[in-house]
Amino acid sequence: MNKKNKIKIVVNGKLLTVNIKFSLKNLIGKLKTPISKVAIELNEKIVDKKKLNKIYLKNRDKIEIVHFIGGG
Amino acid sequence: MKSDILKIANKKFKSRLIVGTGKYKNMKECAAAIKISGAEIVTVAVRRVNISDSSKPLLMDYVDPKKIMYLPNTAGCFTSSDALRTLRLAREIGGWKIVKLEVLGDKKNLFPDMIETLKSTEILTKEGFKVMVYCSDDPLMCKRLENSGASAIMPLAAPIGSGLGIQNKTNIKILRHQTKVPLIIDAGIGKASDAVEAMEMGCDAVLINTAIAKAKNPFQMAESMKYAVISGRKSFLSGSIKPSLQGSPSSPKKGII
């Protein structure tokens, strides 16, 4: 594995290694996330879900993907 | 009789029972209990997606947000900034503007931190949110919340999940008198009689989670709470008799043999 072509990102607290030029859309696809049922934060800023393919991830980026669960 | 509609942030509801979706054995049980309760609004929490297993069922697969209004909450938030972050994310998921703000200040009793709650209400209202606020039953703080644009005042009856029922009836009565937006008892309801009592005191609705989800038979309790809320509301609207220490016979004296 060529480390030069890889970056490390943190998704929901978990460390992932992905290729460079990896977009948020690629990430959502990889995780099989149902996009209409989630919200996404990149480095604590909410991301416009329509622009996922234009946002490329950088080394050490922190991504949060949240959804609704049961609660009171 | 005129139809009795609950209006929150210009949205109309027939049911005055709001239910939580937490603490159920599974989502199927949760969905069935909601249906039986007749609730039109359910509270939901915002949490991380399980990224290692995308096959896990989602709440939205069981409870359709197009049919039942999701009310995102900030359960588990202990600071204003956490609560704001959570609700901004919630709005992003589906465009919800009506939210339930809950900023806790006490890990043991889960009492709200009213300073952080007030601060958050002011900011969220300015951002266009319709904020239903979980709060203490302090009339002064509740007034401040209302003046800050809260869409509903939701005082606790007792600590969350305690099932103790309304502990400070005097404050709830004062709140009923002063509150112009919907007054909703949130937290602490244990039995159907607690829900009846809240509604008879003139509260506009009640929010119940644990009392239904953790009952031995949640379906039967959901039904019980449905009728308790209807019963209490109708009793409140009916103009009950004044209690008296003297007896008053129900049968006429005339014609006694």
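Select chain A first and read along its sequence: the chain follows the pattern β-β-α-β-β-β, which comes to 1 helix and 5 strands, where helices (H or I, at least four residues) and strands (E, at least two) are DSSP runs numbered from the N terminus. Before going further, note that this is a predicted model, in which local features need pLDDT of at least 70 and side-chain atom pairs count only at pLDDT 80 or more, while totals for chains, interfaces and linings use all residues. Residues are numbered from 1 along each chain as its sequence is written, and chains are lettered from A and ligands numbered from 1 in the order in which they are written.

**Chain A as a whole**

Keep chain A selected and turn it: along the principal axes, its C-alpha atoms fill a box of roughly 45 × 25 × 20 Å. Of its 72 residues, 22% count as buried, a word that here requires 20 or more other C-beta atoms within 10 Å of the residue's own, whereas exposed stands for 12 or fewer and partly exposed for the range in between, with C-beta atoms placed from the backbone.

Now select A:Lys32, which you will find in the loop between α1 (24-31) and β3 of chain A. Is this residue buried or exposed? A:Lys32 counts as exposed, because it has 10 C-beta neighbours inside 10 Å. Look also at its backbone, where phi is positive, at about 55 degrees, although A:Lys32 is not a glycine. Most residues other than glycine have a negative phi.

**Where the two chains meet**

Next, show both chains and select the residues in contact, meaning those whose C-beta atoms, placed from the backbone, lie within 7 Å. The contact takes 20 residues from chain A and 28 residues from chain B. On the side of chain A that touches chain B, β3 (39-42) and β5 (62-70) each supply at least two residues, and the largest share, 7 residues, comes from β5(A).

Stay with β5(A) and add strand β4 (residues 41-48) of chain B to the selection: these two strands pair in the antiparallel sense over 5 bridges, pairing being assigned if DSSP finds at least two bridges between two strands. To see one position in detail, pick A:Ile69, which stands opposite B:Ala45 in β4(B).

**Chain B and its helix α3**

Select chain B alone, whose secondary structure comes to 9 helices and 10 strands. Its C-alpha atoms fill a box of roughly 85 × 40 × 40 Å, taken along the principal axes, and of its 257 residues, 45% count as buried.

Within this chain, select helix α3 (residues 80-94), and compare its ends. At 1.5 Å a residue, its 15 residues should span 21 Å, and the end C-alpha atoms are 22 Å apart, which agrees; the expected span is 1.5 Å times one less than the number of residues. Colour the buried residues of α3(B), among them B:Leu84, B:Leu87, B:Arg91 and B:Ile93. Just after α3(B), stop at B:Gly95, which takes a positive phi of about 80 degrees.

**A last stop in chain B**

Finally, select B:Ala187, whose place is in the loop between β9 (184-186) and α7 (192-200) of chain B. How many other C-beta atoms lie within 10 Å of B:Ala187? There are 27, and B:Ala187 is therefore buried. Its phi is near 85 degrees, a positive value in a residue other than glycine.

Note on methods. Two residues are in contact if their C-beta atoms, placed from the backbone, lie within 7 Å.
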